[in-house]
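Biologist: Got a minute to walk me through this one? I'd like to go over the sheets, the ligand site and any odd backbone spots.

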Amino acid sequence: MIIDGKKTAAELREGLKKKVAELKSTYNAVPGLTVILVGDDPASKIYVKNKEKFAKEVGMNSEVIRYPADIEEKKLLNKINELNKNDKTSGILVQLPLPKHIDKRKVIETIDHTKDVDGFHPMNVGNLSSGYSSSIPCTPLGCSLLLKKVEKNLSGKHAIVIGRSNLNGKPMTQLLLKENCTVTITHSKTKDLKAECLRADIIIAAVGIPKLVKGDWVKKGAIVIDVGINKTDSGIVGDVDFDQVSKVAKAITPVPGGVGPMTIACLLRNTVECFKKAHYK
Ligand code: NAD
């Protein structure tokens, strides 16, 4: 089975479109997503453009605030504080990476955690690890929804997460624990990654190394979710060797067309959730 992230993301957006229309008729207001883009990193520009496009498609308000790469940190923090107080902004996202002179941690912690649609604020990170309601980082949330497409009940499965970033590996681990999986988290210092992978029913690869996970690393019938997006001479490839692994796995996400499209759809979902929480108070 090839897990179709494009189709799943389109279904998710369709559901959100209906939800936004309902919220509009109930509250006479729609969720609003504000994205701040600092500098002109080409990849970030594409991501932000897509976020704006899909937010509008589901009927949300969408605003992109662009600043030059040399913006003063204080000016950026002041803008975030202003957005925190603005009722029209349900969700705030500051596109990463940021220029070196800006303290990423300060930026993340300045965003009101109830508007933190990326799920990076320590309050949301803590809530997620405590099993409480929180904004969940968009890419791991997307991975979880794709896993659920293959198997509704993941309880007791042995999952391996390759990579321990705050963006992907760590929150993914929490989500798998919530599903009652037994989780092994691996990273660059893991001694025998192949042996760890071979024990797993579920493999989540979030590393950034093209085609790292080979066919003979995967147990027959495993589910493989590939988060990697790596530019190579032969185009964009994932962290999993798709041609080899697709012969062994029960289900696998392709790159592109797997996890990638889910990330933005989950961002929109998080924005709707932030709006709902703000209005149900
Ligand atoms: P990162 O660089 O922050 O983290 C990579 C992790 O991989 C680290 O924890 C490191 O310890 C681990 N690692 C490195 N070499 C390893 C090895 N040989 N064996 C095991 N672990 C190893 O990366 P990230 O931000 O988590 O992103 C990972 C990949 O996911 C990248 O390719 C990135 O482009 C992609 N990504 C995709 C999406 C999406 O929407 N699909 C979103 C974010 C990131």
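Modeller: Sure. Keep in mind that this is a predicted model. One open sheet has five strands with parallel pairing, in the order β5-β4-β6-β7-β10.

Biologist: Which strands sit at the edges of that one?

Modeller: Those are β5, residues 182–186, and β10, residues 251–252. Each of these two pairs on one side only.

Biologist: And how many bridges hold β7 and β10 together?

Modeller: Two, in the parallel sense, with β7 covering residues 223–226. If you want a residue to click on, take Ile223: the bridge partner in β10 is Ala251.

Biologist: Which strands does helix α7 touch?

Modeller: Helix α7, residues 169–178, packs on this sheet and touches β4 (158–162), β5 and β6 (202–205). The direction of α7 makes about 170° with that of β5.

Biologist: OK, what about the other sheet, what's the strand order there?

Modeller: That open sheet has three strands, ordered β2-β1-β3, again with parallel pairing. β2 (61–67) and β3 (91–94) each have a single partner strand, so one side of each is left without a neighbour in the sheet.

Biologist: What's the average twist?

Modeller: From one strand to the next, the twist averages 15°.

Biologist: How many bridges between β1 and β2?

Modeller: Seven, in the parallel sense, with β1 spanning residues 32–38. As one example, Thr34 stands opposite Glu63 in β2.

Biologist: Which strands does α10 lie across?

Modeller: α10 lies across β1 and β3, and runs at about 125° to β1.

Biologist: Let's switch to the ligand. Which residues come nearest?

Modeller: There are 21 residues around the ligand, and Arg164, Ser165, Asn168, Val227 and Thr263 come nearest.

Biologist: Which helix gives the most to that shell?

Modeller: Helix α10, residues 259–279, with three residues.

Biologist: How does the shell divide into nonpolar, polar and charged?

Modeller: Nine of the shell residues are nonpolar, 11 are polar and one is charged.

Biologist: What about polar atoms, how far is Asn168 from the ligand?

Modeller: A polar side-chain atom of Asn168 is 2.9 Å from a ligand oxygen atom. For Val227 the backbone does the job: an N or O atom there lies 3.3 Å from a nitrogen atom of the ligand. Then there's Asn230, with a side-chain N or O atom 3.5 Å from an oxygen atom of the ligand.

Biologist: And how much of the ligand's area does the protein bury?

Modeller: The protein buries 70% of the 870 Å² that the ligand exposes when taken alone.

Biologist: Last topic, the backbone. Where are the cis peptide bonds?

Modeller: One joins Leu96 and Pro97, with omega about 5°. Pro97 is in the loop between β3 and α4 (104–110). Another joins Val255 and Pro256, with omega about 0°, and Pro256 lies in the loop between β10 and α10.

Biologist: Why flag those at all?

Modeller: Because most peptide bonds are trans. Likewise, most residues other than glycine have a negative phi.

Biologist: So what's the phi of Asn180?

Modeller: Near 65°, a positive value in a residue other than glycine. Asn180 lies in the loop between α7 and β5. Lys211 also has a positive phi, about 55°, and isn't a glycine. Look for Lys211 in the loop between β6 and β7.

Notes
Residues are numbered from 1 along each chain as its sequence is written. This is a predicted model: local features need pLDDT of at least 70, side-chain atom pairs count only at pLDDT 80 or more; totals for chains, interfaces and linings use all residues. Side-chain values use heavy atoms; hydrogens and water are left out. Two strands pair if DSSP finds at least two bridges between them. Helices (H or I, at least four residues) and strands (E, at least two) are DSSP runs, numbered from the N terminus. Contact means heavy atoms within 4.5 Å. Axes are lines fitted to C-alpha atoms, for helices over the stretch in contact, and angles run from 0 to 180 degrees between N-to-C directions. A residue is near a molecule or strand if one of its heavy atoms lies within 4 Å of it. A polar contact is a pair of N or O atoms within 3.5 Å; within protein, one must be able to donate a hydrogen and the other to accept it, and residues adjacent in sequence count only if both atoms are side-chain atoms. Accessible areas come from the Shrake-Rupley method with a 1.4 Å probe; for residues, only the protein chains shown count as cover. Ala, Val, Leu, Ile, Met, Phe, Trp, Tyr, Cys and Pro count as nonpolar, Asp, Glu, Lys and Arg as charged, and the others, Gly among them, as polar.
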